[in-house]
Amino acid sequence: MARMKVLFHVNETERWQRALLNIINFINDAGQENVDIEVVANGAAVSAYADRCFSPEGSCRAAADCGKANENDIIDQMPKLAEMGVKFAACRNALRAQSLDENTLPSFVTVVSAGITEIARKQAEGYAYIKP
Amino acid sequence: MARMKVLFHVNETERWQRALLNIINFINDAGQENVDIEVVANGAAVSAYADRCFSPEGSCRAAADCGKANENDIIDQMPKLAEMGVKFAACRNALRAQSLDENTLPSFVTVVSAGITEIARKQAEGYAYIKP
Amino acid sequence: MARMKVLFHVNETERWQRALLNIINFINDAGQENVDIEVVANGAAVSAYADRCFSPEGSCRAAADCGKANENDIIDQMPKLAEMGVKFAACRNALRAQSLDENTLPSFVTVVSAGITEIARKQAEGYAYIKP
């Protein structure tokens with residue numbers, strides 16, 4: 001099977017659950033070694049990267065601090081997915097709009113100057129676009 | 001006009017109306033003979049394929065059984081669109097999550113191992129992506 | 001940087017704010033001279049083009065007439081973005097469904113026979129697809 005490149009666009013906080021579940025199912029189906037996955041978060045969705053949820057090293061905070069549904073929320077899968085090669089990007093404009101300091105984001109998050117530019121560039125590179 | 005290939009991604013039950021209306025308008029505009037259309041349903045949206053809505057042969061059940069808005073709901077257009085060449089796919093992970101037995105789905109539905117893999121593959125084949 | 005082509009698909013009225021903000025941020029980031037941007041509105045979203053919001057020449061009406069949040073609503077940026085080269089298209093089927101007379105739309109709006117055909121055609125021409 002040819003290598004598959006997929007970009008997930010998340011711009012609403014409540015879509016993270018679905019996006020992460022989609023990614024896990026996709027990796028299980030296609031195989032970690034066959035996929036290049038990038039998640040671009042803009043709008044309110046960047047708040048899921050905040051330091052109330054993750055330490056700078058990327059470990060998960062308690063649900064009471066983060067606003068997660070429970071201690072085993074799927075949001076806790078982010079660091080593990082990042083270790084498996086999934087790239088997580090945050091739009092700088094959105095971080096500013098949410099008053100989030102990009103220096104406090106977990107290390108697995110890359111900040112891009114504008115989410116839309118990143119999404120357009122990746123599609124030009126052959127990435128499929130998916131809006132969970 | 002060059003042949004047009006379009007993939008529709010439906011992951012919420014309430015988006016079916018819009019998706020099917022989009023497809024009907026698209027076929028009317030571009031011509032049935034000029035289009036390749038595939039619908040990939042994942043998440044909760046796979047429930048629209050359930051046997052409470054369609055018999056195994058693909059005929060429509062009564063609204064009272066299906067949860068359709070009325071007896072002439074647009075969901076009833078699915079079998080006719082399938083006959084016109086529209087492909088309807090269901091994500092196996094989503095069917096399991098909704099406790100739907102894939103053996104009871106109408107014959108016009110194809111089950112794919114993972115919806116995201118199918119969507120990525122179709123885009124790699126030149127299909128446009130549309131999220132209704 | 002290579003020229004970037006991006007299509008924005010807006011099918012819900014409440015998504016316009018986000019779409020226009022995305023476009024402004026994208027132009028600021030990539031540079032007006034480096035981007036080709038088209039917005040295709042279908043479904044209920046075409047109502048934002050209505051003559052209660054814009055005169056035929058494309059100037060903005062008062063918020064009380066338009067249903068805008070306030071006098072400096074981001075919807076007022078449409079004419080300026082159009083002058084900067086952003087193309088705004090409306091689906092004819094959607095205009096009819098909303099009982100909007102296409103002859104009363106502002107001059108910066110182009111009517112297309114079907115929104116989905118336009119979106120598919122643009123992606124075939126190399127436009128990235130974004131659903132705000």
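**Figure 1. The largest cavity holds about 80 Å³ of space.** This close-up comes from a predicted model: local features need pLDDT of at least 70, side-chain atom pairs count only at pLDDT 80 or more, and totals for chains, interfaces and linings use all residues. Residues are numbered from 1 along each chain as its sequence is written, chains are lettered from A and ligands numbered from 1 in the order in which they are written, and side-chain values use heavy atoms, with hydrogens and water left out. On a 1 Å grid over the protein atoms alone, a cavity is a set of points where a 1.4 Å probe fits but cannot get out, and lining residues have an atom within 4 Å of a point. Points are joined across faces, edges and corners, and the volume is the space filled by probe spheres set on them. Counting cavities of 30 Å³ or more gives one. Chain A lends A:Glu12, A:Arg15, A:Lys131 and A:Pro132 to the lining. Chain B brings B:Glu12, B:Arg15, B:Lys131 and B:Pro132, and chain C adds C:Glu12, C:Arg15, C:Lys131 and C:Pro132. By class, nine lining residues are charged, three are nonpolar and none is polar (Asp, Glu, Lys and Arg count as charged; Ala, Val, Leu, Ile, Met, Phe, Trp, Tyr, Cys and Pro as nonpolar; the others, Gly among them, as polar).

**Figure 2. The largest pocket has a volume of about 680 Å³.** Unlike a cavity, a pocket is an open set of points, with protein on both sides within 12 Å along at least five of seven lines. There are 34 residues in its lining, and those nearest the centre are A:Gln123, C:Gln123, C:Ala124, C:Gly126 and C:Tyr127. In chains A, B and C, strand β1 (4-10) and helix α5 each give two or more residues to this lining (helices, H or I with at least four residues, and strands, E with at least two, are DSSP runs numbered from the N terminus). Sort the lining by class and you get 19 nonpolar, nine charged and six polar residues.

**Figure 3. Chain C meets chain B, with about 1200 Å² buried between them.** Buried area is the accessible area (1.4 Å probe) that two parts lose on being put together, summed over both. Carbon and sulfur atoms make up 56% of this area. On the chain C side, C:Ile116, C:Thr117 and C:Tyr129 supply 34% of what that chain buries here, more than any other three residues. In all, 16 residues of chain C and 15 residues of chain B take part in the contact (heavy atoms within 4.5 Å). Two salt bridges cross this interface (a side-chain nitrogen of Lys or Arg within 4 Å of a carboxyl oxygen of Asp or Glu). One pairs B:Arg18 with C:Glu12, with the closest N and O atoms 3.7 Å apart. Helix α5 (residues 115-124) gives the most to the chain C side, with six residues. That side has seven polar, five nonpolar and four charged residues.

**Figure 4. Chain A and chain C also bury about 1200 Å² between them.** Here carbon and sulfur atoms give 55% of the area, and 16 residues of chain A touch 16 residues of chain C. Look for the two salt bridges between these chains; among them is A:Glu12 with C:Arg15, at 3.4 Å from N to O. On the chain A side, α5 gives the most, with six residues.

**Figure 5. A:Glu38 and A:Lys122 form a salt bridge within chain A.** Their closest N and O atoms are 3.7 Å apart. A:Glu38 sits in strand β2 (residues 35-41) and A:Lys122 in helix α5 (residues 115-124), so the pair ties together parts that are 84 residues apart in sequence. Over all chains, the count comes to 21 salt bridges.
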